[in-house]
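Where in a folded chain do charged side chains meet, and how exposed are the partners? Please keep the structure open while reading.

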Amino acid sequence: MLSVLRAWSRISQPCRLTQLSVISLSTRSLLESRLFSSSPSLAMTLNQTMRRKRPQKAKDPKSPLLEVCPQRKGVCSQIFIMKPKKPNSAKRKVARVKLTTGKTIMAYIQGEGHNLQEHSVVTVRGGRAQDLPGVRYKVVRGSLDFGGVVNRMTARSRYGAKKPKK
């Protein structure tokens with residue numbers, strides 16, 4: 001504002017008083033509106049901005065169709081084989097499962113061999129098969145109609161296998 005005032009005073013000397021009064025009125029009204037505003041100013045110091053924590057973004061769930069439940073029951077509508085993504089080569093067994101919520105998902109069948117067929121009742125948990133695109137769920141072994149892996153010795157709880165008798 002002062003630089004504008006000085007520039008105007010240099011340009012026209014004769015009508016200097018009228019310009020000054022107009023400028024002073026406008027600056028006065030600006031100052032009054034700023035000083036007596038109803039809301040506080042939003043300016044913060046650098047220290048305040050550094051100390052303030054950013055609001056955390058809500059993370060998207062990795063298994064959204066389970067709706068925050070650890071497992072869901074469902075019925076197999078189709079059992080099929082998929083090929084994995086580029087560097088890997090295999091025949092991965094996948095089941096299309098209709099959950100009790102009415103939503104249909106693709107779930108990976110872990111382990112060697114399975115007794116699943118159409119209309120088998122299974123439990124589905126979260127956890128994706130890394131090399132199968134679109135498969136975000138796994139079928140729980142050893143629960144409901146789905147049997148455990150036969151002759152499994154290591155990681156038995158993951159594959160629903162009983163402890164072998166001595």
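What follows walks through the salt bridges and the surroundings of their partners. This is a predicted model, in which local features need pLDDT of at least 70 and side-chain atom pairs count only at pLDDT 80 or more, while totals for chains, interfaces and linings use all residues. Residues are numbered from 1 along each chain as its sequence is written, and side-chain values use heavy atoms, with hydrogens and water left out.

Side chains of opposite charge can pair when their charged atoms come close. A search of the whole structure finds three salt bridges, a salt bridge being a side-chain nitrogen of Lys or Arg within 4 Å of a carboxyl oxygen of Asp or Glu.

In one of them, R92 pairs with D131, with the closest N and O atoms 2.5 Å apart. This contact links distant parts of the chain, since R92 lies in strand β2 and D131 in the loop between β4 (121-126) and β5 (137-139), 39 residues apart; strands (E, at least two residues) are DSSP runs, numbered from the N terminus. D131 has a relative accessible area of 12% and is therefore buried, a term that means under 20%, with exposed over 50% and partly exposed in between (1.4 Å probe, protein chains only).

Salt bridges that share partners join E67, R72 and K103 into one network. E67 meets R72 at 3.2 Å, N to O, and K103 also forms a salt bridge with E67, where the closest N and O atoms are 2.8 Å apart. Within this network, R72 is buried because its relative accessibility is 18%, whereas E67, at 34%, is partly exposed, and K103, at 33%, counts as partly exposed.

Definitions and conventions. Helices (H or I, at least four residues) and strands (E, at least two) are DSSP runs, numbered from the N terminus.
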